[in-house]
Amino acid sequence: MLVLTLVVAATLRLCPLAQAQPLCRIHTVRTGKMFHVGQQTQGDHLYFSPATTHLIKHPCKKSIALYLGKQLFFTRNNFESSLLPFSIPTSMQVGIPEVTSAHFASSVLLLVVNQKVYIYDYEADTWNASIGIKHPVSHISGDNCCYSEHPFCLDISNSIFAYLHGDQTSQTNIYFSKTQGYRFQKYAHERQAELVGSLGGIFYFHSLSQVGLLLIDQGKAKFGYSDHPLNHSFGLPFDYNGTLDILITPGQKGILIFWFEKSLLVSRSAGQLVDPVPVQEGHRILYSSIFEANISIHSVAANENELAVLTRENNLYYGSLGILTSFLIKFADQNIWSQEAVLMFTDLGMLEILIPLPDSLFPAFDFQKCPVNIQAILMEPQLQLDFCKVELLQGEFGNKMFVIDMNSELELTALMVPRPGTSPVPLAMVSNPHSLGLQAIIYEDGYTYDGNTKHRLVSLAPALNRDRWDEGVPQNISLRQQHHWGRADPTFTSSIKRPTISTITLDIANKEISCVDLKPLTALISVGCDLEKKIVIQNEISACYKGILDPVALQDNYSYVIEKEAYDPNFRGQRATKDLVVYYPYEKLGCPLLAYYDTPWKPVVELWREGKFQEVIKAEYVLLEVNGLFTYTYSLTARTALCTSQPQNWTTIIENAGNKGPFSWDRENYVSCHDPNNDAPLNWPNVPYQILGGPTENKVAFKQRNGIYVFFISIVDPYYSYCHLQTTFSVYVYGAFPLPIRQWEITKFLLIVAILLSVWLTYIIPKMLHTEQGHRFKGFWFSLCRRYRTVCACFQHKR
């Protein structure tokens, strides 16, 4: 009797699902046939090798997609017209046109055909073969950034991996491209030769700023990572009982979906933790995994927040990719499955079941569509779902990109309005806590017109460049580098010198699955260079202002000559073989600032952002005269600068620059001589210390030469900014030439001449008196004296 009661109860529970309204109404897209009349597919017909069908949507351009099955179909309008099968030109000579992997990279489609990579530029309608891959590959992986046209965002879309799935990891050849797949180069993962197992995939997890390599060994899989702090260990292992397809969901939130016919797994931490997706009914978990539910997956679709599964048992499952948990619920039965069917999200809460249909009269295929309105189905009482407890969740930062440079912070704000009588918990999370930290609180912020309480997410956060906190002053959600919060162990944080990215997502903890229209708020945070920053050299007193140079003359193709004794074109301090004529670029440099040669000098460096002055830079920087002038030195030596190790200098930097050129000293290769971790011995303490700014009072000391100096300046302090803050400026040095004439120097010269003349006369006169000329000379003087006495006597007589 008890058994009969349980059977009846179970039957009654499943009956409502069978009696529910149809999931969707089928219609067939049959348009554009006339454009294909008499047209045959050109080239080799492409086909997808796995037994199941796949569909890949462009995450940024929502209407572009690729269907992969017995035929491939490429659409620009979400399959709203009939299409010819996708083919590759015979000129590409692919051999067997079997496709094993595909990926959209910005404006191109990448395909692995017969173990080689090909690029289809669908905007220009051109095909190319990738360059640089020397070994067979089976898969490609990448991601797309849809937040902005920021160069950092574009770099995400351009980064592609190519690899051979199933190859032994220690010996496999992996290739990486930064050019949308047009050109690859070999990639070496750290300690790759020591890794055990076969290669399940390699992915650039931009949400974590890590390259993740999936290792498969004895039915278990785990991720290894490329950079500190995750490169010292592996992610937690998980079951790998078949060849898993790995889907990276859009939005850089670190959500991965692993699936094959008997398994469905999800990770919210870029593979560090991987969990099976349970199947629920109401609040109760029916099955802890797909394997336990004994269903066979045919197709999987996902967007930023939703997940859908079509099974061979003719069932459709739906779930949300929540911030904490994910699960599936089963929709009502309907005859919707076929071998060619795929799932496709067309919008938030809108799902389509797509099946290509051949036409006996035309070469183009039609498409059978079955659109599913998820929100309408979730409202059915038979599903026993709770209503959404939040009426509004909004913030200005949704789907935007922000930049946090070194020592900067970002403040965001969000507003939540719950349903009356409920207490939902908003939760803010970052995808890369090793790099980005946050602090947020929530407080009541008034009422809506219908009496609901408004809640605002805020924080008690320090403002930029402030050393203390203003307790009790509510500010917005505060984001800053994890290093600067001072709350994380150094073994947890990523290297502060390395630019990283992270996303911040604001969602409701354990949000009801019925909250389809309540999208989480997600923003991409680049912890890196703020491209709006630049440095400007203060020029309050210029050579033109003092009348030394004429600005009109400077603009009229002004040129000047640098003496061969004063410059070295190789920047090694050696004299050149000829003078150098330099044309002054007034449009770029303006009028030179003024410096007196005999006064130690250094420029005043200002930081500007978006045309506004920010601060005077106190960080360390270096100078180099762009024409090779070496008639200047520095006021400090390595000893007087209190260096504990041998400081760097331009000579060693240029020697190690290779093809980078002479102006290669920057934040990436600078090593401070005051760093206790710098073990370079101080062998030459009396060499000039060539770094300005920072903890020293070092200055430039000009030698006795007047003229124009054009300096390259680079901020080398790696902890000031992620940007390569560099510029050029000019200085006019005066007062050094010609040398001033001083009275005591003339007196000294005349005295020396008189002494030398007296010595010479003392030697030469006695010697000459004994010669014939000497006698004549004496006779002349005697006669002269007699005449003088006679004249004098006459004068005395007259008186």
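**Warm-up: aromatic pairs**

There are 41 aromatic pairs in this model by the rule that ring centres of Phe, Tyr and Trp (its six-membered ring) lie within 6.5 Å. The model is predicted, so to speak of local features takes pLDDT of at least 70 and side-chain atom pairs count only at pLDDT 80 or more, while totals for chains, interfaces and linings use all residues. Residues are numbered from 1 along each chain as its sequence is written, and side-chain values use heavy atoms, with hydrogens and water left out.

**Exercise 1. Classify the ring pair Tyr318 and Phe331, and place both residues.**

Step 1: get the geometry. The ring centres are 5.9 Å apart and the planes meet at 20°.

Step 2: apply the cut-offs. Planes under 30 degrees apart count as stacked, over 60 as edge-to-face and the rest as tilted. The pair is therefore stacked.

Step 3: locate the partners. Tyr318 belongs to strand β28 (residues 316-321), and Phe331 to the loop between β29 (326-330) and β30 (342-347), 13 residues apart. Helices (H or I, at least four residues) and strands (E, at least two) are DSSP runs, numbered from the N terminus.

Step 4: check burial. Buried means under 20% relative accessible area, exposed over 50%, partly exposed in between (1.4 Å probe, protein chains only). Tyr318 comes out at 1% and is buried; Phe331, at 0%, is buried as well.

**Exercise 2. Find the charges that sit over Phe234 and Tyr709, and the cluster that holds Tyr709.**

Step 1: set the test. NZ of Lys or CZ of Arg must be within 6 Å of the ring centre and within 35 degrees of the ring normal.

Step 2: run it. Lys222 puts its charged end over the ring of Phe234, 4.4 Å from the centre. Over the face of Tyr709 lies Arg705, 5.5 Å from the ring centre.

Step 3: look around Tyr709. One aromatic cluster is made of Trp601, Tyr632, Tyr634, Phe702, Tyr709, Phe711 and Phe729.

**Exercise 3. Work out the sheet that contains β34 and say what lies across it.**

Step 1: write the strand order. The open sheet has four strands, β34-β43-β42-β37, with mixed pairing. Two strands pair if DSSP finds at least two bridges between them.

Step 2: find the edges. β34 and β37 (426-430) each have a single partner strand, so one side of each is left without a neighbour in the sheet.

Step 3: add the twist. Neighbouring strands are turned by 20° against each other on average, direction ignored.

Step 4: zoom in on one pair. β34 runs parallel to β43 (residues 521-527) over five bridges, and Met401 stands opposite Leu524 in β43.

Step 5: add the helix. α2 (residues 151-158) lies across β34, β42 (500-508) and β43, at about 95° to β42. Axes here are lines fitted to C-alpha atoms, for helices over the stretch in contact (heavy atoms within 4.5 Å), and angles run from 0 to 180 degrees between N-to-C directions.

**Exercise 4. Do the same for the sheet that contains β12.**

Step 1: the order is β12-β13-β14-β15, four strands in an open sheet with antiparallel pairing.

Step 2: β12 (139-142) and β15 (185-187) are the edge strands, each pairing on one side only. The twist averages 35° from one strand to the next.

Step 3: β12 and β13 (residues 160-163) are antiparallel over four bridges. Ile140 is set opposite Ala162 in β13.

**Exercise 5. Track down some unusual backbone geometry.**

Step 1: recall the baseline. Most residues other than glycine have a negative phi, and most peptide bonds are trans.

Step 2: pick out positive phi. Asn114 has phi of about 55° and sits in the loop between β9 (108-113) and β10 (116-121). Asn407 has phi near 65° and sits in the loop between β34 (400-404) and β35 (409-412).

Step 3: check exposure. Asn114 is partly exposed at 32% relative accessibility, and Asn407 is partly exposed at 35%.

Step 4: find the cis bond. His228 and Pro229 are joined by a cis peptide bond with omega about 10°; Pro229 is in the loop between β18 (220-225) and β19 (238-239).
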